[in-house]
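Reader: I have a chain open on my screen and would like to walk through it with you. Could you take my questions one by one?

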Amino acid sequence: MVVTSLTELSDSAKQELVASLSAICVSGDVSAESLGAVATASGNDLSGAWASVFSTVVNMAEGGVSKFTLAPGSGGGGGGGGGAGGDAAEEVEEEKKEEEEEMDLGGGGMSMFGEEEGAGGGDY
């Protein structure tokens, strides 16, 4: 679910979102008071019940908030390399055409000394 505005959420969903985001912002020991302070500083209200529930859950989890969040650089990702698929095929075709053109230029014509190839003779 994409949240574009907190006004679209029910009161319960808003409290849960504010509590979870506040828990992510608090470092160290997460308490109901610290969650409430972060929520207030962000211009939101957080009921004591939600703050208590979230602080209890976070403190019971081994690793605290990091138990519920991914470390930087882990998870997700992996989608960066596939964007040039169509361009790569075009580049391969262009390279093949260039190779064919180079091959076509190799036969016939004049030698580097100004005489026709295969005419033989000459001082060179």
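Reader: Thanks! To begin, how many aromatic pairs does the count come to?

Author: Happy to help; a word on the ground rules comes before the count. This is a predicted model, where local features need pLDDT of at least 70 and side-chain atom pairs count only at pLDDT 80 or more, while totals for chains, interfaces and linings use all residues. Residues are numbered from 1 along each chain as its sequence is written, and side-chain values use heavy atoms, with hydrogens and water left out. Rings of Phe, Tyr and Trp (its six-membered ring) pair if their centres lie within 6.5 Å, and by this rule the count comes to one aromatic pair.

Reader: Are the rings of Trp50 and Phe54 stacked, edge-to-face or tilted?

Author: Planes under 30 degrees apart count as stacked, over 60 as edge-to-face and the rest as tilted. The two residues are four apart in helix α3 (residues 48-60), so about one helical turn separates Trp50 from Phe54; helices here are DSSP runs (H or I, at least four residues), numbered from the N terminus. Their ring centres are 6.0 Å apart and the planes stand at 40 degrees, so the pair is tilted.

Reader: Which counts as buried, Trp50 or Phe54?

Author: Buried means under 20% relative accessible area, exposed over 50%, and partly exposed in between (1.4 Å probe, protein chains only). Trp50 has 24%, so Trp50 is partly exposed. With a relative accessibility of 17%, the buried residue is Phe54.

Reader: How are α1 and α2 oriented to each other, roughly parallel or roughly perpendicular?

Author: Axes are lines fitted to C-alpha atoms, for helices over the stretch in contact, and angles run from 0 to 180 degrees between N-to-C directions. The axes of α1 (residues 11-25) and α2 (residues 32-41) come within 9 Å and cross at roughly 105 degrees. Angles under 35 degrees count as roughly parallel, over 145 as roughly antiparallel, 65 to 115 as roughly perpendicular and the rest as oblique. The two helices are therefore roughly perpendicular.

Reader: Which residues of α2 make that contact with α1?

Author: Contact means heavy atoms within 4.5 Å. On the α1 side are Val18, Ala19, Ser22, Ala23 and Cys25, and they meet α2 through Leu35, Val38 and Ala39.

Reader: And which residue's backbone oxygen lies 2.8 Å from a polar atom of the Ser34 side chain?

Author: Ser34 lies in helix α2 and, at 19% relative accessibility, counts as buried. Leaving out residues up to four places away in sequence, Ser34 touches Val26 and Asp29. The backbone oxygen at 2.8 Å belongs to Ser31.

Note on methods:
A polar contact is a pair of N or O atoms within 3.5 Å; within protein, one must be able to donate a hydrogen and the other to accept it, and residues adjacent in sequence count only if both atoms are side-chain atoms.
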